[in-house]
Amino acid sequence: MKLLVLGGTAWLGWTTAASGVTAGHDVTCAARGTNVPDGARHVRVDRDDPDGLVPLADTRWDAVIDVSRQPGQVRRATRGLRTDRYVFVSTCNVYASQAEIGADESATLLDPLDADVMTEPGDYGRAKVACEDAVREVFGTDRSAIVRSGLIGGPGDPTGRSTYWPRRFAEPSNPEGVVLAPDAPGLPTALIDVRDLAAWLVRLAAGAGSGAFNAQGVPHPLPAHLDAARAAAGNRSETVTAAEDWLATQGVNEWSGPRSLPLWLRDQTWYGMNARSTERAVAAGLERRPLESTLADVLGGPVVSGAGLTDEEERALLAQLRQ
Ligand SMILES: NC(=O)c1ccc[n+]([C@@H]2O[C@H](COP(=O)([O-])OP(=O)(O)OC[C@H]3O[C@@H](n4cnc5c(N)ncnc54)[C@H](OP(=O)(O)O)[C@@H]3O)[C@@H](O)[C@H]2O)c1
């Protein structure tokens, strides 16, 4: 297959292009940067330039995989490129509600962003809806695959959301090896391994399925996720849980970033975000490795600074909790 990856210089796009090369396809990556996998061709394009896709226009592709979040970039690509199939990487943030557990792809979407360029991070979901619309407008549902990804994890995770817990268990902040976690027994997590997602995107490009798909990992409530992280790290010590209200009063952040407990979400009307139905994706060939295997594979990788609690922060919080 003659495959064009629009992107290919960042985490998922790079892994997807590498997966395409491994599967024996003829892969071209198009981006401003040049860091593409061995075996893939690189074409420099600037998708913010209205004529930026000219270097690609003369080629006929079997499939395009696009990771953009900018509606204008996707509109220009869907109208300007010659391809049989279009695979678009979207997000579960396109849904209007994140409350329902087990919702499928027919759930109501946000209104599309009415602009070519998303400037506010809070418009991410609406921008992706506009991108999805642009893809369907040209390729319909038969010649397109819209992959609404949940939280991606695994080696190379630039956000640290999938690396914090196994590293925390592997390198505790304190001699007892105790790890601080939120007391959120029902909080769903569903990490999809970047390599599994990438391999499936390539299979979709080759025609494995069409239409919209939720692509999330196998669901694990937070305590089971932490058990998998502990097992991956070979740590046998206890997790100390703290009440969510207490953590909030201590200025501990949710989900990601500095002074956070990654993956933690307090608002139960967001519990459905990581608990969507993935039946369609699995039926179309999405294969997911065990969570413990993903978490084991991030050990030994680089520490992501500004993700989670520092050692000092965790020790101070544990001391406060014991008072
Ligand atoms: N991380 C998660 O947990 C998560 C969850 C759900 C969905 N997603 C989706 O997963 C995807 C992540 O993809 P990723 O890691 O490969 O990429 P990314 O970090 O979103 O990077 C965007 C890619 O597009 C290229 N690009 C950006 N602006 C460009 C321009 N003006 N002209 C040409 N190329 C341009 C970048 O290359 P250059 O900068 O080199 O040009 C880069 O390769 C995104 O679609 C994201 O929305 C992520």
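## Briefing: a salt-bridge network, two helix pairs and some loop residues

Arg-195 is partly exposed, with a relative accessible area of 25%. This is a predicted model, and Arg-195 makes a handy way in, with a salt bridge to Asp-193 and another to Asp-297. The structure holds 20 salt bridges in total. After that network come the domains, two packed helix pairs and a few loop residues.

**The salt bridges around Arg-195**

- In the salt bridge between Arg-195 and Asp-193, the closest N and O atoms sit 2.7 Å apart.
- Is Asp-193 buried or exposed? Asp-193 counts as buried, because its relative accessibility is 2% and the cut-off for buried is under 20%.
- Asp-193 also forms a salt bridge with Arg-289, and here the closest N and O atoms are 3.5 Å apart. That pair links distant parts of the chain, 96 residues apart: Asp-193 belongs to strand 10 (residues 192-193), while Arg-289 is in the loop between helix 8 (279-283) and helix 9 (291-298).
- Arg-289 comes out as partly exposed, at a relative accessible area of 27%.
- Arg-195 has a salt bridge with the side chain of Asp-297 as well, at 3.0 Å from N to O. Asp-297 lies in helix 9 and Arg-195 in helix 5 (residues 194-205), so this salt bridge ties together parts that are 102 residues apart in sequence.
- Asp-297 is partly exposed, with a relative accessible area of 38%.
- Put the shared partners together and you get one network of salt bridges, joining Asp-193, Arg-195, Asp-196, Arg-289 and Asp-297.

**Domains**

- The domain assignment splits the chain into domain 1 (2-149) and domain 2, which is made up of 154-190 + 219-266 + 290-322.
- How far apart are the C-alpha centres of domain 1 and domain 2? The two centres lie 32 Å apart.

**Helix 6 against helix 9**

- Helix 9, the one that carries Asp-297, also packs against helix 6 (residues 222-233), with the axes 8 Å apart and an angle of about 50°.
- Why do helix 6 and helix 9 count as oblique to each other? Their angle of about 50° is neither under 35 degrees nor over 145, and falls outside the 65 to 115 range, so oblique is the label that is left.
- The crossing of helix 6 past helix 9 is right-handed.
- On the helix 6 side, the contact residues are His-225, Ala-228, Ala-229, Ala-231 and Ala-232, and they meet Leu-291, Glu-292, Leu-295 and Ala-296 on the helix 9 side.

**Helix 2 against helix 3**

- Helix 2 (residues 71-80) and helix 3 have axes that come within 8 Å and cross at roughly 10°.
- Helix 2 and helix 3 are therefore roughly parallel to each other, the cut-off for that label being under 35 degrees.
- Helix 2 brings Pro-71, Val-74, Arg-75, Thr-78 and Arg-79 to the contact, where they meet a set of helix 3 residues including Ala-127, Ala-130, Cys-131, Ala-134 and Val-138.

**Leu-113, in a loop before helix 3**

- Leu-113 sits in the loop between strand 5 (82-91) and helix 3 (124-139).
- With 9% relative accessibility, Leu-113 counts as buried.
- Which residues does Leu-113 touch, leaving out those up to four places away in sequence? Its contacts are Arg-75, Met-118, Asp-123, Arg-126, Ala-127 and Ala-130. Arg-75, Ala-127 and Ala-130 also turn up in the contact between helix 2 and helix 3.
- Leu-113 and Cys-131 are 18 residues apart along the chain, and their C-alpha atoms are separated by 8.9 Å.

**Two positive phi values**

- Most residues other than glycine have a negative phi, so a couple of backbone angles are worth a look.
- Arg-259 has a phi near 45° and lies in the loop between strand 14 (253-255) and strand 15 (260-262). Arg-259 is partly exposed, with a relative accessible area of 25%.
- Leu-263 has a phi near 80°, again a positive value in a residue other than glycine, and is found in the loop between strand 15 and helix 8. Leu-263 counts as buried, at 3% relative accessibility.

Key:
Residues numbered from 1 in each chain as written. Predicted model: local features only at pLDDT ≥ 70, side-chain atom pairs only at ≥ 80, totals over all residues. Heavy atoms only, no water. Salt bridge = Lys/Arg side-chain N within 4 Å of Asp/Glu carboxyl O. Buried < 20%, exposed > 50% of the residue type's maximum accessible area, 1.4 Å probe, protein only. Helix = DSSP H or I, 4+ residues; strand = E, 2+ residues; numbered from the N terminus. Domains from an automatic or database assignment. Axes fitted to C-alpha atoms, helices over the stretch in contact; angles between N-to-C directions. Left-handed = near helix turned anticlockwise from the far one by under 90°. Contact = heavy atoms within 4.5 Å.
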